[in-house]
Amino acid sequence: ADKQHQEDSSVAYYATLSNLFLRMLSEPACKQNFMQYFKEREITHIAVYGENAVYQAVSQWLSEAGVRVDYIVEDANRSKQNEIRVVPRKSPSYPETRMFLIADLYNAASIKNKLRNLTNVPHYTVQDLVDGTYRG
C-alpha cells in the first residue's frame, strides 16, 4: 500500500508539474503574476529552495524582474550556475534574505513548515506566484 501511495503521489506531482509548465508557456498572465509579486514589494534579492527544472524555468523571469539570487538551498557542493552560493538543505539556519522562492514543489509543504520555524521572511512556491495566490 505504501509503494502504491508513493507512485500515486509521484503521478500527481508530475501531472501538476507538466500543467504548470504548459500554463507558464501559454498564458502571459502567469509571467505577469510572477513578476508582479517582486515589483509590488520592491524585492531585489531572494533565496531559492531547490535547484531544479522549476527554478530553471523562472530564472530568466527573475533576471527580467531585477531579482538577484542570494543563494540556493540544495544538497550539492555548488550550484549549476557556479556564481551562486549553495547552502545545504539540512542547515539549521539560513543567511538573511528578503524572501524564499520554493522551486521544490514535491516537498513544498514540509519546506514551508521548516521555513516557518526557521525564518520570518515570506516564502512562496513558484506555483503560488505564477497563480497569483500569494495575494490571499
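The paragraphs below follow strand β1, its two partner strands, and two residues elsewhere in this predicted model.

Strand β1 covers residues 45–49, and four of its five residues are buried. On one side of the account stands strand β2, residues 68–73, which is joined to β1 by five bridges, with the two strands running parallel. Within this pairing, His 45 has Arg 68 of β2 as its bridge partner. Between β1 and β2 the chain passes through helix α3, residues 53–64, and the resulting β-α-β crossover is right-handed.

Strand β1 also pairs with strand β4, residues 100–102; this pairing is parallel as well and has three bridges. Here Val 48 is matched with Leu 101 of β4 as its bridge partner.

Ahead of β1 comes a loop that links it to helix α2 (28–41), and Glu 42 sits in that loop. The phi angle of Glu 42 is near 55°, a positive value in a residue that is not glycine. Most residues other than glycine have a negative phi. Is the Glu 42 residue buried or exposed? Glu 42 has a relative accessible area of 63%, so it counts as exposed, the cut-off being over 50%.

Leu 101 of β4 appears again in the surroundings of Thr 125, a residue of strand β5 (residues 123–125). Leaving aside residues up to four places away in sequence, Thr 125 touches Leu 101, Ile 102, Leu 105, Ala 108 and Lys 112. The relative accessibility of Thr 125 is 6%, and because buried means under 20%, Thr 125 is classed as buried.

Methods. Residues are numbered from 1 along each chain as its sequence is written. This is a predicted model: local features need pLDDT of at least 70, side-chain atom pairs count only at pLDDT 80 or more; totals for chains, interfaces and linings use all residues. Side-chain values use heavy atoms; hydrogens and water are left out. Buried means under 20% relative accessible area, exposed over 50%, partly exposed in between (1.4 Å probe, protein chains only). Two strands pair if DSSP finds at least two bridges between them. A crossover is right-handed if, with the strands pointing away from the viewer, the path from the first strand over the helix to the second runs clockwise. Contact means heavy atoms within 4.5 Å.
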